[in-house]
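Here's a quick walk through one protein model. Keep the sequence and the 3D view open as you read.

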Amino acid sequence: MTDLVRARELDAADPLRHARDLFDLPEGVVYLDGNSLGALPKATPGRMEQVVRQEWGEGLIRSWNTADWFTLSQRVGAKLAPLIGAAQDEVIACDTTSVNIFKLISAALAARPGRKVILSEPGNFPTDIYMIAGLEAQGLARRRLADVDAIMAALDDDVALLMLTHVHYKTGRMLDMQRLTKAAHDAGALVLWDLSHSTGGVPVDLGGCNADFAVGCGYKYLNGGPGAPAFAYVAQRHQAGLQQPLTGWFGHRAPFEFSDDYDPAPGVDRLLAGTPAILGLAALEVGVDLIAELGMGALVAKSRALSEFASGAIAERLSDLELASPHNPVQRGSQLSYRHEHAYPICQALIARGIIGDFRAPDILRFGFAPAYLRYEDVYNAVEALAEIVTTGAWNTPEFRKRAAVT
Ligand SMILES: *Cc1c(COP(=O)(O)O)cnc(C)c1O
């Protein structure tokens, strides 16, 4: 049986085959970058039109009450919670992942007086590491980086917080959340998980792993749109004492009392700082509703099957291409990364053929498999194009070698 026949059979038997039609994808494009910017749900433009024209245009300021804008951060957080194994009152949608990391590193330092070290891995997503630098410059934190396979040995009684990304953005390697959380707790430290490449793509059980804090993006597998608000998770047991430094009025117990004294809201609401971005939250809600409706079980199963299909086809066609992701699909996120010294122009040549993956410096070709809208036949076509580009050297033109600002 050819791979194409097999791909069509898999598509015909796919329990999520109806889901692609819930997205607006351009004709002739194979989108392998849903892990970086998710696709547009068909329901989003209508909802945006409604929020802008009715809720804003007609409702004006009344809509804070009548359209429930005031509790939108909490509502989106509560809908997101089951996707990551959290209780509804443990998650809030707000700000960016970067800003939420800053708040929660600070909260961990406040909860572990006498300890200053924030432990992470070299090569973690830059913003995660840079946020430690800002606190370090104020004398509040000290950065320690240790290879993730040796991270247990780097846990000592100076460590306030172990901060790791659950699915690595470059390699797709997925860490053992249960084991690492326990190791950090055994050393008296707290844990902050970055779920940016996990939420909506892989199973996550923050509650079952006894995690303390987590953050993640709204614009990747959740399809919330460019710059969508992020989310933050705080385990119930930490909420009452949580101290975060961005003590803005929306995190106050009663913002509309306009008191001169900051009195934090009792729950996860105290992570709010300023007025929530209602347009962004409204678009994110559509994406979260859609993913929740499709169900994490079906999404995870398809994500693994898609990446298995892709890695098998690539191994057959391009046996020399070096896989930078774990071979075992349960040890990786919903992506495959390959190393090639000409990864950048290869990626450009693919994009010119409508196959949108991405390049991560210095030599990674990254393909994300967003299970909600990707078909096996799309993956088949992508592998065919990749094999043709690599074996013929079609990538080797000045046009494909020229670097754009955003890669
Ligand atoms: C995408 C991503 C971010 C992005 O943070 P922003 O504040 O939204 O720019 C942070 N961390 C990880 C691990 C990511 O993959």
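## Annotated sites

In the unreviewed UniProt entry, the "binding site" label goes to Thr-97, Ser-98, Phe-125, Pro-126, Thr-127, Asp-128, Thr-165, Asp-194, His-197, Tyr-219, Trp-249 and Thr-275. They cover 179 residues of sequence and are spread in space too, up to 30.7 Å between C-alpha atoms. UniProt positions follow the numbering used here, feature names are shortened, and annotations may be inferred rather than shown by experiment.

Before going further: this is a predicted model, where local features need pLDDT of at least 70 and side-chain atom pairs count only at pLDDT 80 or more, while totals for chains, interfaces and linings use all residues. Residues are numbered from 1 along each chain as its sequence is written, and side-chain values use heavy atoms, with hydrogens and water left out.

Start with Ser-98, which sits in helix α5 (residues 97-111); helices here are DSSP runs (H or I, at least four residues), strands are E runs of at least two, and both are numbered from the N terminus. Not counting residues up to four places away in sequence, Ser-98 touches Thr-127 and Met-131, where contact means heavy atoms within 4.5 Å.

Then there's Lys-220, where the unreviewed UniProt entry puts "modified residue: N6-(pyridoxal phosphate)lysine". Setting aside residues up to four places away in sequence, Lys-220 touches Gly-34, Asn-35, Ser-36, Gly-38, Ser-196 and His-197. His-197, with its neighbours within four places left out in the same way, is in contact with Asn-35, Val-167, Tyr-169, Lys-220, Tyr-221, Gln-335 and Arg-366.

## Loops and backbone

Which loop holds His-197? That's the one between β8 (190-194) and β9 (213-216). Asn-210 is in the loop between β8 and β9, and its phi is near 60°, a positive value in a residue other than glycine. Asn-223 has a positive phi as well, about 60°, and isn't a glycine either.

The table gives loop positions and relative accessible areas: buried is under 20%, exposed over 50%, and partly exposed in between (1.4 Å probe, protein chains only).

| Residue | Loop | Relative accessible area |
|---|---|---|
| His-197 | β8 (190-194) to β9 (213-216) | 3%, buried |
| Asn-210 | β8 to β9 | 38%, partly exposed |
| Lys-220 | β9 to β10 | 7%, buried |
| Asn-223 | β9 to β10 (230-234) | 4%, buried |

Where's the cis peptide bond? Look between Ala-361 and Pro-362, with omega about 0°. Pro-362 belongs to the loop between β14 (358-360) and β15 (364-368).

## Domains and a surface patch

Zooming out, the chain divides into domain 1 (3-31 + 295-401) and domain 2 (46-293), with bounds from an automatic or database domain assignment. Domain 1 puts 27 residues into the contact and domain 2 puts in 20 residues. Taken over C-alpha atoms, the domain centres are 30 Å apart.

On the outside, Val-52, Trp-56, Leu-60, Ile-61 and Leu-279 make a nonpolar surface patch of about 500 Å². Patch residues have over 30% relative accessible area and no salt bridge; like charges are joined within 9 Å, nonpolar side chains (Val, Leu, Ile, Met, Phe, Trp, Tyr) within 5 Å. A salt bridge puts a side-chain nitrogen of Lys or Arg within 4 Å of a carboxyl oxygen of Asp or Glu. Accessible areas come from the Shrake-Rupley method with a 1.4 Å probe, and for residues only the protein chains shown count as cover. Leu-279 is in helix α9 (residues 278-294) and is partly exposed, at 37% relative accessible area.
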